[in-house]
Amino acid sequence: FSSQVDSTNAGRVLASDAAVFLKKSGLTDLVLGKIWDLADTDGKGILNKQEFFVALRLVACAQNGLDVSLSSLNLPVPPPRFTDTSSPLLLSGTASSDVPWTVKLEDKAKYDAIFDSLNPVNGLLSGEKVKPVLLNSKLPVDVLGRVWELSDIDRDGMLDRDEFAVAMSLVYCALEKEPVPMSLPAALVPPSKRKPISVPGAIPLIPSSAATKESHPSLPPVGILSAKPPLTQ
């Protein structure tokens with residue numbers, strides 16, 4: 001606690017220090033803002049040790065697909081995952097490199113066929129090509145935005161074959177009424193993406209182009225859908 005975020009050893013954490021630390025969880029700013037609001041009970045912009053641990057519990061809930069709410073605090077969840085390995089408190093995502101990928105072979109073949117039908121360029125599909133397929137699922141646009149954000153693991157605005165399979169898996173889970181998680185479970189990260197980085201968001205700080213990328217998932221109005229066959233075919 002003290003070495004990571006309480007640099008003055010005052011037993012409390014300022015919002016600015018906590019923000020830097022919590023961003024290493026790979027969760028979106030929107031989710032982290034909600035976590036902060038719930039943990040900072042008196043609204044002073046400072047967390048004491050107890051409140052900070054509440055924030056950590058909420059991070060773990062979000063990473064495991066649970067609601068970010070105080071009622072989730074009593075549910076059993078694994079410890080939160082962060083991308084910094086300098087403290088025993090923090091779990092490195094690279095430990096998940098030996099977890100088998102949850103995308104089944106027969107499903108991967110199906111997703112690859114859809115991928116190839118969309119005319120990838122250099123093995124990549126742009127957001128524009130993926131959007132009609134996502135929108136065809138008839139899922140809410142905010143859910144599809146999160147699907148895109150989670151599946152574009154390297155944050156390049158394009159999906160390769162494995163990232164597309166992740167997107168399709170998330171869409172099918174959502175169609176089965178399973179909640180789309182706030183961060184990508186380790187088992188869904190494709191083996192090809194697990195080398196140095198196996199947690200979404202574990203990207204070194206990049207110039208401001210990354211900031212504009214964050215807002216990329218805003219999908220176009222549904223009216224411009226092309227008539228592609230539904231995903232369920």
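**Accessibility, salt bridges and helix α7**

User: Why is K23 called partly exposed?

Analyst: The relative accessibility of K23 is 46%, and because the partly exposed class runs between the buried limit of 20% and the exposed limit of 50%, K23 belongs to that class. The value is computed from a predicted model.

User: And why does D29 count as exposed?

Analyst: D29 has a relative accessibility of 52%, and since exposed means over 50%, D29 counts as exposed.

User: What makes K23 and D29 a salt bridge?

Analyst: Their side chains meet at 2.5 Å, N to O, and the cut-off for such a nitrogen-oxygen pair is 4 Å, so the pair qualifies. The structure holds 10 salt bridges.

User: How do you know that D162 and K108 form a salt bridge, and which elements does the pair tie together?

Analyst: The side chains of D162 and K108 come to 3.4 Å, N to O, which is within the 4 Å limit. D162 sits in helix α7 and K108 in helix α4, so the pair ties together parts 54 residues apart in sequence. Both D162 and K108 are buried.

User: Why does the pair of R161 and D112 also count as a salt bridge?

Analyst: The separation of their side chains is 3.9 Å, N to O, and because the limit is 4 Å, this pair is accepted as well. It links distant parts of the chain, with R161 in helix α7 and D112 in helix α4, 49 residues apart. R161, with a relative accessible area of 32%, is partly exposed, while D112, at 16%, falls under the 20% limit and is therefore buried. Salt bridges that share partners join K108, D112, D116, R161 and D162 into one network.

User: What makes α7 a mostly covered helix, and what does it pack against?

Analyst: Of the 15 residues of α7, 12 are buried, among them F164, V166, M168, L170 and Y172. The buried residues pack against α4 (105-117), β3 (125-126), α5 (127-136), α6 (141-151) and β4 (158-159).

User: How do you know that the span of α7 is close to the expected one?

Analyst: Helix α7 covers residues 161-175, and its first and last C-alpha atoms are 21 Å apart, which sits close to the 21 Å expected at 1.5 Å a residue. At the start of α7, a side-chain oxygen of D160 comes within 3.1 Å of the backbone nitrogen of D162, and just after the helix K177 takes a positive phi of about 70 degrees.

User: Why is D40 not assigned a salt bridge?

Analyst: D40 is buried, and the nearest side chain of opposite charge, that of K44, is 8.3 Å away; because a salt bridge requires a distance within 4 Å, none is assigned to D40. The side chain of D40 does, however, reach the backbone nitrogen of K44 at 3.3 Å, which is within the 3.5 Å limit for a polar contact. D40 lies in the loop between α2 (29-39) and β2 (46-48), and, leaving aside neighbours within four places in sequence, D40 is in contact with G45, I46, L47 and E51.

User: What makes residues 27-62 and 139-174 carry the label "EF-hand"?

Analyst: The label comes from the UniProt annotation, an unreviewed entry, which covers both spans, and such annotations may be inferred rather than shown by experiment. In the model, residues 27-62 are 69% helix and 8% strand, with end C-alpha atoms 8 Å apart. Residues 139-174 are 69% helix and 6% strand, and their end C-alpha atoms lie 8 Å apart.

Conventions: Residues are numbered from 1 along each chain as its sequence is written. This is a predicted model: local features need pLDDT of at least 70, side-chain atom pairs count only at pLDDT 80 or more; totals for chains, interfaces and linings use all residues. Side-chain values use heavy atoms; hydrogens and water are left out. Helices (H or I, at least four residues) and strands (E, at least two) are DSSP runs, numbered from the N terminus. Buried means under 20% relative accessible area, exposed over 50%, partly exposed in between (1.4 Å probe, protein chains only). Lys and Arg count as positive and Asp and Glu as negative; His and the chain ends are not counted. A polar contact is a pair of N or O atoms within 3.5 Å; within protein, one must be able to donate a hydrogen and the other to accept it, and residues adjacent in sequence count only if both atoms are side-chain atoms. Contact means heavy atoms within 4.5 Å. The expected span of a helix is 1.5 Å times one less than its number of residues.
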